[in-house]
Amino acid sequence: MRDVEKLGTIKIANIISPAAYLTGSALFPLLSTLSVKLSIQYGNTSISAYGYVNYGNILCNFFQVVDTGTQFGFLALQIISKLDAKASKTDVLMLLGLFVVHRNSHIQETLPLLQEGYTTAIEFGNLVLAGYNGHSFCLNSFWCGQSLATLEQEICAYCHSLMQLNQLTTANYCRIYWQPVLNLLGLAEHTTLLSGKALEETEFLQQLQSAKDGYGLYIFHLYKLMLCFLFGEIEPAKNHAIEVRRYFMAGAGLVSEPVFYLYESLLTLAQLNPELDETSEALQGVIENQTKLQQWAYHAPMNYQHKVDLVAAEKCRVLGQKAEAIEFYEKAISLTKANEYTQEEALANELAAKFYLHWGKERIAGEYMIAAYYAYARWGAKAKVADLEARYPQLLAPILEQIRSPLSTHETIFTLGSVTSTSSATSSSSVSVALDLAAILKASQAISGEIELEKLLSSLLSIVIENAGADKCVFMLLRDDRLLIKGSITEGSKPVVLQRLPIEESQEIPLKLIYKVKHNRQTVVLLDATTERTLINDPYIMRQQPKSILCSPILHQGKLMGILYLENNLVTGAFTSDRVELLNLLCAQAAISLENARLYERSQNYAQQLEQSLEELKNSEARFQKLANNVPGLIYQIRIQADGSASVPYVSSGCQTLYEVAAEDVMVGKYSLRDFEHPDDRAEAFRAVIESAQTLTPFQHEWRIITPSGKVKWVKAAAQPERREDGETVWDGMLIDITDRKQAEAAVIQKSQELQQTLVDLQNTQLQMVQSEKMASLGNLVAGVAHEINNPVGFICGNLNETQQTVQDLVEHLNLYRDRAPETEVADHAEDIDLDYIIEDLPKMIDSMKVGCDRIKSISTSLRTFSRADKDYKAPFNIHEGIDSTLLILKYRLKANDERPAIEVVKDYGNIPTIECFPGQLNQVFMNILANAIDALDESNTGRSFAEIQANPNRITITTSLEDNQAKITITDNGKGMSESVKEKIFDHLFTTKAVGKGTGLGLAIARLIVVEQHFGMI
């Protein structure tokens, strides 16, 4: 971008944006969008990155379009890297770390960004941004499971550094993060009161309120909410939750937002009685929080899914859904372990333990509580460890056995105190009074630092012989319920380890004592072994005469892992209570390390098996590759990520033969198999892939490809999709060349089409022949009848004309004669024969005869019209005359009979001029349709009486009209109609619904042929 005006606009927008965001102004999204729009239109510049990362923040946290938002965030990161935009770097890194990266990546990935942002800000002298990057690093570090001990040092360093830089606001935020860490470490007088080394709660809260520091108050009450909930102070926790809600917008989009949803929901559920209904009003807030948590977890399950599952487990607990609760507890615990959220792993185990305890499953509750105990200890939360010891000593008994084991001798029983004191909020060991704490820690670290069994045993034996006052030490390991001697050491010599000698075969230990400790799982200390009555007959005691003996079980989560045997042959009472307590501590650590070593040994065995399996896999892969290379086609694997991106990690060498490109070029992305798809087939092939991906049904499809040489080939693919846990869809399949088959199919289809057309032509020819022959026969018959009638009618008609004239003359003559003649006998005769009537009626009779002759002429004309022979070209024709002539011929069928009244014919003729057609053929159409109508009406009369038919008479309606310069003829009857299945077949060749002998199945087929194919009309 070189436009000065546009650059200035972006700079101004970037300057205003922070103030707009902090004040909640609607300008903030508009300013960010403006900056992005200008950068896209006019090109990127070093200051574009700030607009992109702000836009990413808006998409992620305002609109929940997380994938696109994080893409804009990383685009900003690429710009500052490519353009070396150090001036914008601190802003971009801070916003990425605070608002964007954790929306779809692990929170730990934000830490290096914020550290770099802090360092860069210091280098450029931007102290304000140094403060924001620094305090954001401390915030995110706490909520992603960092060790409290390490975190305390880091927060302390950032806090002091920011105070020296006079960044008091962000330094105060660090103080808020620092004090809860101190409380959890056990370095505060009260576990939930934020008063100690970092700040004094009352004074500091007043300071925040006076400054109206919304974020400070938000985060202060959030940490108080967490502490109160962890230590069981429910009522104060409720008040702090209300305060967090009050200042909630100050922390929107931060990693702390879903943390609040988690703790507020857990707090609400902790107060509810079991067996509530799911629609209970009290659960509505939890449901709303869950909806929001699920939105966060959808895009970043590694950060937030375990929170969703933990709340779901507690909700199921309240609703009495035990099976569902168990499943959700396990899912939450598994995810916290997998993603290293130690504090929430501890919390999930603790809540699961409470669930089982309330259910009455104390043994299972103990296992979960022990897991919580260890998780809190790994996190470094000594105060919470002490809290668990105080609240659930019965559940933690297996752990405390190592440090509270009763000792027995025939004279003295040592009563040892707990390693962890619960009299205050801090944890301390009474061992530190008598022994050097540094030496204890050194020994513990030396043991815990070993994971290989050989080194662990060597280290353990050396440390014990050095610190416990023994001159001999034997270590026994329990395997398959048998004790095996795995190592031994004597003072002044090196340890001997990895023996596998069963204790029954050893002459170096008192077996009676070993069996006793194995059975009772209690530490036994003998001040003077030679005086122990129960061992006086033991062969080893009799032979060696040891002075002092200590035999201690090594327990892990209440299970016996091994036994440590020590003896001193010089003095009695060598194993004092302090040394016993030290050994208990070492044994506790040794138990953990032994379990780790066992797991490591198992993993090594698995590794060897894996190497063997890999070798077998390589051999199998070689065989597969050989097979794949010989397959007539290619074998492939296609992967489509959840974001839609695709890759082809494997294609066999057959790709070269089929696609004319090397398989390696496809696998590295130089070519895509989709590039070769025929343009006409691409859309359908893509649709088939999408359908397979959505339904996870087998993919089978055929399409064409165009190779680089221009060859068009048909291919067929078959593959089985598989959906992975990360949303990726994988197809393993095979693709073969089916060009030859397709060509053969095309030849068969073409031949079939030709045969089909030949059949159609034959049928049409048959229809035409039938029609022609039928019409010829009918025409000849009708024409002959018309001709035979026409001759005598013409003769009669001519004679009638002459007769009429002659009669007229006679009448005139008679009238003259009557006028002159006297009243004689002639007059009497005229009166007798009613001459006046004859004179009057005879002309009328002759007129009636002429009308009859005209009628016969009309019938003859209609017959000639119907039977007129068509020429090989169309001729003008009045379709109304054709219809009328057809009705005349069918009149005998329309008349009334014994079974029904006459069929009424209603004609509604439009103004239609003569049309160019084949008249004879159209008359045949009218005949076939009208005859069918009469048949249909007769069929509909079946079962009806004459009176019923007369009440609703049969009717045929003929309507003609002119539409779009085409003649439309509609012939309807009021019969019972026909079904849809019949309608689909009425024009089929030889199809008829009439009884055998009454229909040929040709009538409507002929009609369709005449209308559609001869006259290009529709029927």
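Which residue forms a salt bridge with aspartate 387?

**View A. A salt bridge within helix H19 of the predicted model.** Lysine 384 is the partner of aspartate 387, with the closest N and O atoms 3.2 Å apart. The two residues are three apart in helix H19 (residues 382–391), so about one helical turn separates them. Both aspartate 387 and lysine 384 are buried.

**View B. A salt bridge between helices H15 and H17.** The side chains of lysine 307 and glutamate 344 meet at 3.2 Å, N to O. Lysine 307 lies in helix H15 (residues 301–319) and glutamate 344 in helix H17 (residues 342–359), so the pair ties together parts 37 residues apart in sequence. Both residues, lysine 307 and glutamate 344, are buried. The structure holds 33 salt bridges.

**View C. The salt bridge of arginine 674 and glutamate 677.** Their closest N and O atoms are 3.2 Å apart. Arginine 674 is partly exposed, at 33% relative accessibility. Glutamate 677 is buried, at 8%. Elsewhere, salt bridges with shared partners join Glu350, Lys354, Lys384, Asp387 and Arg391 into one network.

**View D. An open sheet of five strands.** The strand order is E8-E7-E11-E10-E9, with antiparallel pairing. Strands E8 (646–651) and E9 (699–706) are the edges, each pairing on one side only. Neighbouring strands are turned by 30° against each other on average, direction ignored. Nine bridges join E10 (residues 712–723) to E11 (residues 729–737). Glutamine 720 stands opposite aspartate 732 in E11. Helix H29 (residues 679–695) lies across E7, E9, E10 and E11, running at about 155° to E9.

**View E. A nonpolar surface patch.** Ile12, Ile15 and Ile16 form this patch, with about 300 Å² of accessible area together. Isoleucine 12 is found in helix H1 (residues 4–22). Isoleucine 12 is exposed, at 51% relative accessible area.

How values were computed
Residues are numbered from 1 along each chain as its sequence is written. This is a predicted model: local features need pLDDT of at least 70, side-chain atom pairs count only at pLDDT 80 or more; totals for chains, interfaces and linings use all residues. Side-chain values use heavy atoms; hydrogens and water are left out. Patches are made of residues with over 30% relative accessible area and no salt bridge: like charges are joined within 9 Å, nonpolar side chains (Val, Leu, Ile, Met, Phe, Trp, Tyr) within 5 Å. Accessible areas come from the Shrake-Rupley method with a 1.4 Å probe; for residues, only the protein chains shown count as cover. A salt bridge is a side-chain nitrogen of Lys or Arg within 4 Å of a carboxyl oxygen of Asp or Glu. Helices (H or I, at least four residues) and strands (E, at least two) are DSSP runs, numbered from the N terminus. Buried means under 20% relative accessible area, exposed over 50%, partly exposed in between (1.4 Å probe, protein chains only). Two strands pair if DSSP finds at least two bridges between them. Axes are lines fitted to C-alpha atoms, for helices over the stretch in contact, and angles run from 0 to 180 degrees between N-to-C directions. Contact means heavy atoms within 4.5 Å.
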